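Q: Please take a close look at one part of this model: the protein surface that meets the DNA. Walk me through that part, then place it among its surroundings.

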Protein chains: 2
Amino acid sequence: MNTSFENLKQELKEKNINLSYQRLKVLEYLNNNRCHPTVDKIYTDLHKELSTLSKTTVYNTLRVLAESGMVRVITIEDNETRYDINVENHGHFKCDSCGEIYDFSVNIDSLIGEGLDGFMINSKNVYFNGICPNCLSNKN
Amino acid sequence: MNTSFENLKQELKEKNINLSYQRLKVLEYLNNNRCHPTVDKIYTDLHKELSTLSKTTVYNTLRVLAESGMVRVITIEDNETRYDINVENHGHFKCDSCGEIYDFSVNIDSLIGEGLDGFMINSKNVYFNGICPNCLSNKN
DNA sequence: ATTAGATTTGTAATGATTACAAAATTAAAA
DNA sequence: TTTTAATTTTGTAATCATTACAAATCTAAT
Ligand SMILES: [Mn+2]
Ligand SMILES: [Mn+2]
Ligand SMILES: [Zn+2]
Ligand SMILES: [Zn+2]
């Protein structure tokens, strides 16, 4: 049980979110799989060791975690919502060929939008699309 | 028939996209309704004057226009894809209270992501979320 | 006018997400 | 520790946006 996961558990406690077994498992999964997984991937993988898990619970848990600000919702493309436990300042690149989502460094916080005086900004997202180096060299 | 719409027609021609009646109507609609409409809104509104229009045609047309780069696809939130005929450099703000999407000015082109050497970037998007001034004053 | 190709249309299928209510679990009260 | 109330989980059904598909219609070239 690494310290990073213990910190996450502590964070849940502080936000008054019950530490149910299922929630801890989902949180642990996100902590160990930083590939921006979909609900279906999270469910399928966890179901192998937790055969009673319901997909609805995965949805519920992700909603709770997202509302509390512990995970970031990535809607770079419709039809597949993805989740990221890394809520720090970074951007996302989706390869249109292989579908992989890469993190990249960009100073989102310093992004100032002109014409947003009086707006309350709760979240900022930067999404790029294109072709990743792997796919470029494979000439897909 | 304004000049802006004539320019769009010309652009379609140059890209070798057939100027069918339905396509022109969708294009004209997007040109006149710069509120980032959903497929359903486009379909419902156009259907009033073009009762034979099929929703599938709206989907098909938007795909053609998006692939040709004439409209921008906005997936700021899953479950509702929106379309924007303004493909110029700008960002989008979605109000979590009223759902309205606002344009704002941000220099997207100058956004450089570190860690993207060797990546081919085809599109850049900046999405903000929060509460708009209207909703803030209405205390929704 | 014929013909081939492209586009439109309506309907059915898909697939992600949500709604819902019963069952199980957890937390609080007694 | 029991009792009770509240929360969470689960499975199934419903919803809703989007896509697949094939027949009908339209367009453009010959
Ligand atoms: Mn990320
Ligand atoms: Mn816009
Ligand atoms: Zn790739
Ligand atoms: Zn608003």
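A: Start with H4(B), which gives the most to the surface near DNA strand C: three residues. The model is a predicted one. Two residues of chain B show what the contacts look like. A polar side-chain atom of Thr57(B) sits 2.8 Å from a phosphate oxygen of DNA strand C. The side chain of Thr56(B) places an N or O atom 3.3 Å from a base oxygen of that strand. Gln22(B) also takes part: an N or O atom of its side chain is 3.0 Å from a sugar or linking oxygen of DNA strand C. Two or more residues come from each of these elements: helix H4 (55-67) of chain A, and H2 and H4 of chain B.

Now the surface as a whole. There are 15 residues around DNA strand C. The nearest are Tyr59(A), Thr81(A), Ser20(B), Arg23(B) and Thr57(B). By class, the surface holds twelve polar residues, two nonpolar and one charged. On the DNA side, sugar or phosphate supplies 76% of the strand C atoms within 4 Å of the protein. Bases supply the rest.

Next, H2(B) itself. This helix covers residues 21-32 of chain B, twelve in number. Its first and last C-alpha atoms are 16 Å apart, close to the 16 Å expected at 1.5 Å a residue. Its buried residues are Leu24(B), Lys25(B), Val26(B), Leu27(B), Tyr29(B), Leu30(B) and Asn31(B). They pack against four elements of chain B: helices H1 (3-14), H3 (39-49) and H4 (55-67), and strand E2 (82-84). H4(B) therefore appears twice, as a packing partner of H2(B) and as a contributor to the DNA surface.

Turn to the metal site in chain A. Five residues donate to the manganese ion (ligand 1): His36(A), His90(A) and His92(A) through NE2, Asp84(A) and Asp103(A) through OD. These donors lie 1.9 to 2.3 Å from the ion. Along the chain their spacing reads H-x47-D-x5-H-x1-H-x10-D. Asp84(A) counts as buried because its relative accessibility is 3%. His92(A) is buried too, at 1%.

Last, a residue in contact with both chains. Asn125(B) belongs to strand E5 (residues 120-131) of chain B. It has a relative accessible area of 8%, so it is buried. Its side chain makes a 3.3 Å polar contact with that of Arg72(B). Leaving out residues up to four places away in sequence, Asn125(B) touches Arg72(B) along with Asn125(A), Val126(A), Tyr127(A), Phe128(A) and Asn129(A).

Technical notes
Residues are numbered from 1 along each chain as its sequence is written. Chains are lettered from A and ligands numbered from 1 in the order in which they are written. This is a predicted model: local features need pLDDT of at least 70, side-chain atom pairs count only at pLDDT 80 or more; totals for chains, interfaces and linings use all residues. Side-chain values use heavy atoms; hydrogens and water are left out. Donors are N, O and S atoms within 2.8 Å of the metal (3.2 Å for Na, K and Ca); water is not among the atoms, so sites may look incomplete. Buried means under 20% relative accessible area, exposed over 50%, partly exposed in between (1.4 Å probe, protein chains only). The expected span of a helix is 1.5 Å times one less than its number of residues. Contact means heavy atoms within 4.5 Å. A residue is near a molecule or strand if one of its heavy atoms lies within 4 Å of it. A polar contact is a pair of N or O atoms within 3.5 Å; within protein, one must be able to donate a hydrogen and the other to accept it, and residues adjacent in sequence count only if both atoms are side-chain atoms. Ala, Val, Leu, Ile, Met, Phe, Trp, Tyr, Cys and Pro count as nonpolar, Asp, Glu, Lys and Arg as charged, and the others, Gly among them, as polar.
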